[in-house]
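Biologist: I should like to go through this model with you, one feature at a time. Please give your reasoning before each result.

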Amino acid sequence: MNVMIARLNHETNTFSPIKTTIKSFGSDGPLYGEMAYNASKNTRTGIAAFIDVLEAAGHHIVVACSATSNPSGTVCAQAYTHLCNTIVEAAGGCDAIALDLHGAMVAENSDDGEGDLLERLRASHPDVPIAVAFDLHGKMTDKISNNSDIVVSFKTYPHIDMYETGAQTAKLLVAMMLKHIQPTIAYRRLPLMSNTLCSRTDLGPMQEAVAMARAAEAHGMLSVSILAGFALADIAAPCMSVVAVADNNQAAADAVAQDIANFIWANRDGFTHNNEPLATSIAKAKIIAMRPGTGPVLLLDHGDNCMSGGTCDDMNVLHEAINQGLEDIVMGPICDPQAVQHMVEAGLNATVSLEIGDKVPLTQLGIVNTPRTLTGVVRHITDGQYVMTGPTYTGQRIYMGRTVCLDTAQAKVMVTETPQEHWDLGIFTHINIDVTQHRYLILKSRMYCRPVFAPLAKAIVECDGGGVTGADYTRFPYTKLTRPVYPFDTDTTWTGHPHSG
């Protein structure tokens, strides 16, 4: 059979000032057809698993596109429409459809990016099976449920099971194509805005909910997914959901979705986060650094995390650390192309004084920072490229743009031309920085850094520098959010509202 596959991933932070255009979906825009196939195969992604499973089953694959962007602001209408048109048109004449989506896309012309795409696909191909692989931070809507046959999401955060999720999705699709199963979907969406810091799957109620999902699958459910939602989107319901897919048994799907949703609601406080003042976090780090032990104290600036739409140019954490007298700091990367250009022109070993960071206004939050000056020596200049060694995106080459290390009296500050997540030690080793030999390490990250950097650290201190990815949702001017919703409205009640499709 002919199976159309596509990858369209974007986690939309509607408060982010970073524009999301068609060029954002790849190193130089999306890939199509054979180029998308070649770039996707043999990677640790959902679409790569689609290819492996479907080809092993003897099916012919039609690749519409591979379009993936780092989280950023609302997707421009032209980009969203173009990518949806590409996918819908490629599905013509196909016997099945498998989509590697995120689940939290918002466009200028769609508050439900995935749901509107699936509605178009179902309208034009009413009898074609449709299977969807989602990120754990996706959301569920009636449009997604009613226009999909199979929905499966990641079960890990940090996400290390992207390939496995794609493989599970594709295997279920093959079984449906062979009429071995008849999937039925049920979901429950709770009036709960979970905090991303509380959606890690190695502890707390999120770990328990995922364990319940795995147990339900072990006892016969085709798939069960816990979707944390993405609360940094100003839409009606950027909330948590539970999705259950059963084999021709709507009652069973409903029961499982309801049971796990009840558990989540009973433990809703475990999905919220209480921020402490930045000055308190830095003072705590200073005390911890004086205790016995090896490795740096890891300060995670989750308020300016590029993998949730942060600008990576907020300097509040570094300057508060300097003000409190912390020394032997490594920080980076800071995204500041102007500073990079200035330091490259100055050259290696040059002493420079220049403004770094705080140059992107956070207009939706009403914040315009004043750039502050740092003085130091230009120690290293690189092309900003390295290859990841894992466990996430193993083997993928990263392009950060030109990268400079500025050595100041208290900190080594790495500055890049693009925002970057801390996937791998290569982000520092490629520029001759051994983070294990320093007292403090400031990363603009929330979770993806942990598999690599947490084992090296003496301790982890979470810091909110005040950017557009912070954990204090009261700072964000929601206008579309349906109320009541927890934790904004602590008297919110929920007894379970069935959704099924």
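Biologist: Which residues do ring pairs link into a cluster?

Modeller: The model is a predicted one. A search of the whole structure returns nine aromatic pairs. Some of these ring pairs join up into a cluster, whose members are Phe15, Tyr473, Phe476, Tyr478 and Phe488.

Biologist: What is the geometry of the aromatic pair formed by Phe428 and Phe453?

Modeller: Phe428 belongs to helix H12 (residues 426–429) and Phe453 to helix H13 (residues 450–453), so the pair links distant parts of the chain, 25 residues apart. The ring centres lie 6.0 Å apart, with 90° between the planes. Because planes over 60 degrees apart fall in that class, the pair is edge-to-face.

Biologist: Are Phe428 and Phe453 buried or exposed?

Modeller: The limit for a buried residue is under 20% relative accessible area. Phe428 has 0% and Phe453 has 2%. Phe428 therefore counts as buried, and Phe453 is likewise buried.

Biologist: Over which rings does the charged end of Arg268 lie?

Modeller: Arg268 lies over the face of one ring at 4.4 Å from the centre. Its charged end also sits over another ring, 5.4 Å from that centre. The first of these distances belongs to Trp265, and the second to Tyr486.

Biologist: In what order do the six strands of the open sheet lie?

Modeller: The pairing in this sheet is mixed. Strand S2 (31–32) and strand S6 (150–153) each pair on one side only, which makes them the edge strands. Between these edges lie the other strands, and the full order is S2-S3-S1-S4-S5-S6.

Biologist: How many bridges join strand S1 to strand S3, and how many does S1 form with S4?

Modeller: S1 (residues 2–9) and S3 (residues 60–68) run parallel, and Leu8 has Ala67 in S3 as its bridge partner. S1 and S4 also pair in the parallel sense, with Val3 standing opposite Ala96. The count is seven bridges for S1 with S3 and six for S1 with S4.

Biologist: Why is S1 largely enclosed by the rest of the structure?

Modeller: In the sheet order, S1 stands between S3 and S4. The enclosure of S1 follows from the accessibility of its eight residues, because the number of them that are buried is seven.

Biologist: At what angle does helix H3 run to S3, and helix H4 to S4?

Modeller: Helix H3 (residues 77–90) lies across S1, S2, S3 and strand S4 (96–101). Helix H4 (residues 113–124) lies across S1, S4 and strand S5 (130–134). The angles are about 175° for H3 to S3 and about 170° for H4 to S4.

Biologist: Which parts does the salt bridge of Asp116 and Lys143 tie together?

Modeller: The two side chains meet at 2.6 Å, N to O. Asp116 is buried at 18% relative accessible area, whereas Lys143 counts as partly exposed at 32%. Asp116 lies in one helix and Lys143 in another, so the pair ties together parts 27 residues apart in sequence: helix H4 and helix H5 (residues 142–146).

Biologist: What is the N to O distance in the salt bridge of Glu417 and Arg402?

Modeller: Glu417 lies in the loop between strand S17 (411–416) and H12, and Arg402 in the loop between strand S15 (397–399) and strand S16 (403–408). Glu417 is partly exposed at 25%, and Arg402 is partly exposed at 29%. Their side chains meet in a salt bridge, with an N to O distance of 3.0 Å.

Definitions and conventions
Residues are numbered from 1 along each chain as its sequence is written. This is a predicted model: local features need pLDDT of at least 70, side-chain atom pairs count only at pLDDT 80 or more; totals for chains, interfaces and linings use all residues. Side-chain values use heavy atoms; hydrogens and water are left out. Two strands pair if DSSP finds at least two bridges between them. Helices (H or I, at least four residues) and strands (E, at least two) are DSSP runs, numbered from the N terminus. Contact means heavy atoms within 4.5 Å. Axes are lines fitted to C-alpha atoms, for helices over the stretch in contact, and angles run from 0 to 180 degrees between N-to-C directions. Rings of Phe, Tyr and Trp (its six-membered ring) pair if their centres lie within 6.5 Å; planes under 30 degrees apart count as stacked, over 60 as edge-to-face and the rest as tilted. Buried means under 20% relative accessible area, exposed over 50%, partly exposed in between (1.4 Å probe, protein chains only). A charge sits over a ring if NZ of Lys or CZ of Arg is within 6 Å of the ring centre and within 35 degrees of the ring normal. A salt bridge is a side-chain nitrogen of Lys or Arg within 4 Å of a carboxyl oxygen of Asp or Glu.
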